[in-house]
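Here is a short set of questions and answers on one chain. Look at the sequence and the coordinates first, then read on.

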Amino acid sequence: MKCAVISFTEAGEKLAKTISQWIPNTDIYSNRGYPAGVKSEISAIFEEYKRIVFVSAVGIAVRLIAPYIKDKTRDPAVVAVDDLGRYAISLLSGHIGGANDLACEIAEAIGAQAVITTASEARGIEAVDMFAQRCGLVIENMEDAKTITSIMVNGGTLRLISEINQQINYPRISETEYDGCLYITSRTAISCDKPYCVLRPINLTVGVGCRKGKSKEEILYAINTVFKENDLSIKSIDCIASIDIKKEEQGLIQACEELGCNFKTFSKEQINSVQKRFAGSSFVKGAVGVDCVCEPCAYLASGEIIVGKRSLDGVTVSVGRKGYD
């Protein structure tokens, strides 16, 4: 992960060089070499780097980044270090962006004091976004995550409903008396009369068989239809899986790009090793050399089938679920 260290004084530039020796993939920016000063580069730096360190006063850093701040799910980690190297202050995107961790890394490297002001860290609890990041979960709604974290910060009780074997680092969990709910589920139907937040595990595999030349739109329509029929969230898709002769099928490749998921393929030998578990088709056998595609591929990618084969206009879809520890 690339890091930019920005300084404005001679002392700051020396400290920036020291920081760069400890923090990998670091580029140094100073007023030297920039006729308009390094301030003219802030916009480009903010777009290019995931970690940014200002060796400057906090006020300077705040004023320079203010026009470019978007939201906590996209902003880079920003840390401010005074040019005497006394403090490393987590300034922006402390949780998801990792500024809290970066401040601690820098503090350890240069012998400074890390300054972390996020409420959950101060209380020694795991905020919802940090829990999601640790476990590879997708936050359905960031405002809901803030609401549940606020309940935790204020000492409230949570109910945890989860389809995976992970626990949030928070002591007040109850099944009976609670102030809010945290759902970790790939299901879409949720009923709760308290504030709640949904986290999506990336644990579903989609086995797909299709005629040659099927478009991205046709494949996505079939997948979306199956997911809606079975109360499943598209956000929980880990991969699309198919037979290896489909590895260049553009519709499948583009569908994976649209969904932001992996594309896995399996050989005829791999499919044949498990296809007796599933109903076959002589037509499919004649076309691709195996009795069935979508169910064996979903199974091979996950280990468990939760939705059997569904055919929609030349596209077959099955859904598997991975074990999630």
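Q: What radius of gyration does the chain have, against a compact globule of 325 residues?
A: This is a predicted model. A compact globule of 325 residues would have a radius of gyration near 20 Å. The C-alpha atoms fill a box of roughly 75 × 55 × 30 Å along the principal axes. For the chain, the radius of gyration is 25 Å.

Q: How many helices and strands are in the chain, and what percentage of its residues count as buried?
A: The chain holds twelve helices and 15 strands. Its accessible surface comes to about 15800 Å², and carbon and sulfur atoms supply 47% of that. Among the 325 residues, the buried share is 48%.

Q: What share of the contacts with a separation of 6 or more joins residues 24 or more positions apart?
A: One long-range pair to look at is S236 and T185, which are 51 residues apart along the chain. S236 has T185 among its contacts. Over the chain, pairs 24 or more positions apart make up 55% of the contacts with a separation of 6 or more.

Q: How far apart are the centres of the positive and negative side chains?
A: The chain carries 37 positive side chains and 40 negative ones. Each set has its own centre, and the distance between the two centres is 3 Å.

Q: Is S236 buried or exposed?
A: S236 sits in the loop between α8 (216–229) and β12 (237–243). Beyond its neighbours within four places in sequence, S236 is in contact with T185, S186, R200, P201, I202, N203 and L204. Its relative accessibility is 0%, and the cut-off is under 20%, so S236 counts as buried.

Q: Which residue offers a backbone oxygen to the side chain of S236?
A: Take the contacts of S236 away from its sequence neighbours; P201 is one of them. A polar atom of the S236 side chain lies 2.8 Å from a backbone oxygen. That oxygen belongs to P201.

Q: Which backbone oxygens does the side chain of R200 reach?
A: R200 is in strand β10. At 3% relative accessibility R200 counts as buried. A polar atom of its side chain lies 2.8 Å from the backbone oxygen of T185. At 2.5 Å, the side chain also reaches the backbone oxygen of R187.

Q: Which residue in contact with R200 follows α6 and has a positive phi?
A: Leaving aside neighbours within four places in sequence, R200 has contacts that include G136, L137, V138, T185, S186 and S236. After α6 comes a residue with a positive phi near 70°. That residue is G136.

Q: Which elements do the buried residues of α6 pack against?
A: Helix α6 (residues 128–135) is mostly covered, with six of its eight residues buried. The six are V128, D129, M130, F131, A132 and C135. They pack against α5 (119–123), β7 (137–139), α7 (142–153), β9 (180–184) and β10 (196–201).

Q: Which residues does A16 touch, not counting those up to four places away in sequence?
A: A16 belongs to helix α1 (residues 10–22). Its relative accessible area is 0%, so A16 is buried. The C-alpha atoms of A16 and E41 are separated by 17 Å, at 25 residues apart along the chain. The residues that A16 touches are V5, S7, I28 and V55.

Q: Why does T316 count as buried?
A: T316 lies in strand β15 (residues 315–321). Its contacts beyond four places in sequence are G207, V208, G209, C294, K309, R310 and S311. Buried means under 20% relative accessible area. T316 is buried because its relative accessible area is 18%.

Q: Is N25 buried or exposed?
A: N25 is not a glycine, yet its phi is positive at about 55°. N25 is found in the loop between α1 and β2 (26–29). With a relative accessible area of 52%, over the 50% cut-off, N25 is exposed.

Q: What relative accessible area does S93 have?
A: Most residues other than glycine have a negative phi. S93 is not a glycine but has a positive phi of about 60°. S93 is in the loop between β5 (87–92) and α4 (99–110). S93 is buried, and its relative accessible area is 10%.

Notes
Residues are numbered from 1 along each chain as its sequence is written. This is a predicted model: local features need pLDDT of at least 70, side-chain atom pairs count only at pLDDT 80 or more; totals for chains, interfaces and linings use all residues. Side-chain values use heavy atoms; hydrogens and water are left out. Helices (H or I, at least four residues) and strands (E, at least two) are DSSP runs, numbered from the N terminus. Buried means under 20% relative accessible area, exposed over 50%, partly exposed in between (1.4 Å probe, protein chains only). Contact means heavy atoms within 4.5 Å. A polar contact is a pair of N or O atoms within 3.5 Å; within protein, one must be able to donate a hydrogen and the other to accept it, and residues adjacent in sequence count only if both atoms are side-chain atoms. The radius of gyration is taken over C-alpha atoms; the globule rule is 2.2 Å times the number of residues to the power 0.38. Accessible areas come from the Shrake-Rupley method with a 1.4 Å probe; for residues, only the protein chains shown count as cover. Lys and Arg count as positive and Asp and Glu as negative; His and the chain ends are not counted. The place of a charge is taken as NZ of Lys, CZ of Arg, CG of Asp or CD of Glu.
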